[in-house]
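Please study the sequence and the model shown below. The exercises that follow are each accompanied by a worked solution.

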Amino acid sequence: MADSSTQVQHPHETSLDHHTQIAEIPETIFPFSFDPKFYISALFTCKNLTQIKQVHTQATVNGILQNLAFANKLLYIYAQFKALDDAYSFFDSMRERDSVSWSVMVGGFAKAGDYRNCIGTFREAIRSGVQPDNYTLPFAIRVCRDTLGLQTGRAIHDLVHKFGLHLDPFVAAALLDMYAKCGVLEDAQLLFYEMPKRDLVTWTVMIGAYAECGNANESLVLFDWMREEGVVPDKVAMVNVVFACAKLGAMHKAKLVHDYISRKQYSLDVILGTALIDMYAKCGSIDSARDIFDRMKEKNVVSWSAMIAAYGYHGHGRKALDLFPMMLRSGILPNRITFVSLLYACSHSGLVDEGRRIFYLMSKDYSMRPDVKHCTCMVDILGRAGRLDEALELIDNMKVEKDEGLWSAFLGACRIHRNTRLVEKAAKSLLELQPRNPGHYVLLSNIYANAGRWEDVAMVRELMTQRRLKKTPGWSWIEVDDQTHQFSVGDKTHPRSKEIYEMLKSLSAKLELAGYAPNTNFVLHDVDEEL
DNA sequence: GTAGGGTTAG
């Protein structure tokens, strides 16, 4: 293999600058050259696949392919232009490959979304005895993240340890992200606390990981800690912090974080802006959300959908619907999520006809076939309005697979309208769909209890015991004056528990005096301790 | 030859 620096220069190109030379000649004519650098420059001026192939051909004729630096660049350019077939067939023909060649190939498949070939090539690399490096590993790990391939991810983590790369910031960040998205926060924590030094991206990923896994409080703790260690957050870090506030629903924190963003003068780009809209809406301030929305210079379909959804869960169905034509006028096309948000807004404001219109509009005008989420919203809209038969008809005629959420929506409607026959049907469908979910058993048992069918209650309870299922109690929390308080059913752990129960008692008494009769249908037999 | 970012039903 000739090294380009020691190779005798060809007389034709002695004093030429490669870039100007390429720019000045017609595309189809290539001068003779035997210098790989010349071909590498040529590759980076290519505007399309045809030009790349011309350089490839010329390089072949002049024997440049033997040069590994050139060959790797050629691979890279093919991958950049998403010509993975060309890249791979060339890769296959290479007589010599180094870790760069492998990582370009693995990364090429990863970026093209070809997960199977990405992991396949990675495996091939390991088998062929190449040392995986901090370039190749993150690509393979991110595939595990995107495919939720925890098992493969763990196997790769073992490899990482074997090669002593677990403290590399690129590798570690990829692993943290993978564990968090696969829902095993503990694994992410272990690795994170093992690291003596963490860079901004590592901190950012971990902040996002905690929020993602439902521990947004810890995200904010990490955010403070990160700054104490002298790591300065950037915009991407702030998006994760904002996301954590949204998850937490804590207005006090939300304001602090927004103040911080304003103080640091991070410009409100479309992503940070959208995250803030969502945060304010979920923390209860629809006006602040709208304020951000109005101040955003650039808005895309995600920002519009976020604002529509925000009005939706604040019960402002009309305002949500009004945004739709405005969005269209500004030249933004709706996506599937926009329609979910619109339908959701209808269901929470009782807008039956509008919901129906949107539902038909999406397939008629935008050729989008409603998926199970759209159908669930529609079932919810019809069901809440008491049109249970229509809702059931929609379910029966659905072409897409039915899931838990769909049956839950239907079941909710049946309970509101006290339709015992349909309630049972829905609960049984749920049970069939998810036989390991203890919640569904409790639900069915409550329904039987309600109807006085005690034998059926016993049967369902027995089934639960047999299958070793136990319902885990839910928690709720509320933020008061920068303090988060959390509660569970029958919970007496709060320091002011006594006062809280007394207050509840007096509230119930007042409600009763005002003529309110609580609907105990829904709570019957929910918790054993209360019986 | 590398990384981390926003919206969605029940």
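**Exercise 1: Positive phi in loops**

Arginine 418 has 10 other C-beta atoms within 10 Å and is therefore exposed. The model is a predicted one. Determine where arginine 418 is found and what is notable about its phi.

Solution.
Step 1. Arginine 418 belongs to the loop that connects helix H24 (404–416) with helix H25 (420–433).
Step 2. Most residues other than glycine have a negative phi. Arginine 418, a residue other than glycine, has a positive phi, near 50 degrees.
Step 3. Serine 367 may be treated in the same manner. Its phi is positive, about 40 degrees, although serine 367 is not a glycine. Serine 367 lies in the loop between helix H21 (352–364) and helix H22 (372–384). With 7 other C-beta atoms within 10 Å, serine 367 is exposed, since the cut-off for this class is 12 or fewer.

**Exercise 2: A pair of helices**

Describe how the axes of helix H14 and helix H15 are arranged, and state which residues make the contact.

Solution.
Step 1. Two packed helices are described by the angle between their axes and the distance between the axes.
Step 2. For H14 (residues 235–248) and H15 (residues 251–263), the axes come within 9 Å and cross at roughly 165 degrees.
Step 3. Angles over 145 degrees count as roughly antiparallel; H14 and H15 are therefore roughly antiparallel to each other.
Step 4. The crossing of the two helices, H14 and H15, is left-handed.
Step 5. H14 contributes Met238, Val241, Val242, Cys245 and Leu248 to the contact, while H15 contributes Lys253, Ala254, Val257 and Ile261. By class, the residues of this contact comprise eight nonpolar, no polar and one charged.

**Exercise 3: Cysteine 245 and aspartate 234**

Which residues does cysteine 245 touch, not counting residues up to four places away in sequence? Is aspartate 234 buried or partly exposed?

Solution.
Step 1. Beyond four places in sequence, cysteine 245 touches Ala250, Lys253, Ala254, Val257, Met279 and Cys283.
Step 2. The largest nonpolar core has 137 residues, and Cys245 is among those that touch the most other members, together with Leu176, Leu343 and Phe410.
Step 3. Aspartate 234 is placed in the loop between helix H13 (216–228) and H14. Aspartate 234 has 13 C-beta neighbours inside 10 Å and therefore counts as partly exposed.
Step 4. The C-alpha atoms of aspartate 234 and tyrosine 266 are 8.0 Å apart, although the two residues are 32 residues apart in sequence.

How values were computed. Residues are numbered from 1 along each chain as its sequence is written. Chains are lettered from A and ligands numbered from 1 in the order in which they are written. This is a predicted model: local features need pLDDT of at least 70, side-chain atom pairs count only at pLDDT 80 or more; totals for chains, interfaces and linings use all residues. A nonpolar core is a set of buried Ala, Val, Leu, Ile, Met, Phe, Trp, Tyr and Cys residues joined through C-beta atoms within 7 Å. A residue is buried if 20 or more other C-beta atoms lie within 10 Å of its own, exposed if 12 or fewer, and partly exposed in between; C-beta atoms are placed from the backbone. Two residues are in contact if their C-beta atoms, placed from the backbone, lie within 7 Å. Axes are lines fitted to C-alpha atoms, for helices over the stretch in contact, and angles run from 0 to 180 degrees between N-to-C directions. Helices (H or I, at least four residues) and strands (E, at least two) are DSSP runs, numbered from the N terminus. Angles under 35 degrees count as roughly parallel, over 145 as roughly antiparallel, 65 to 115 as roughly perpendicular and the rest as oblique. A crossing is left-handed if the near helix is turned anticlockwise from the far one by less than a right angle, and right-handed if clockwise. Ala, Val, Leu, Ile, Met, Phe, Trp, Tyr, Cys and Pro count as nonpolar, Asp, Glu, Lys and Arg as charged, and the others, Gly among them, as polar.
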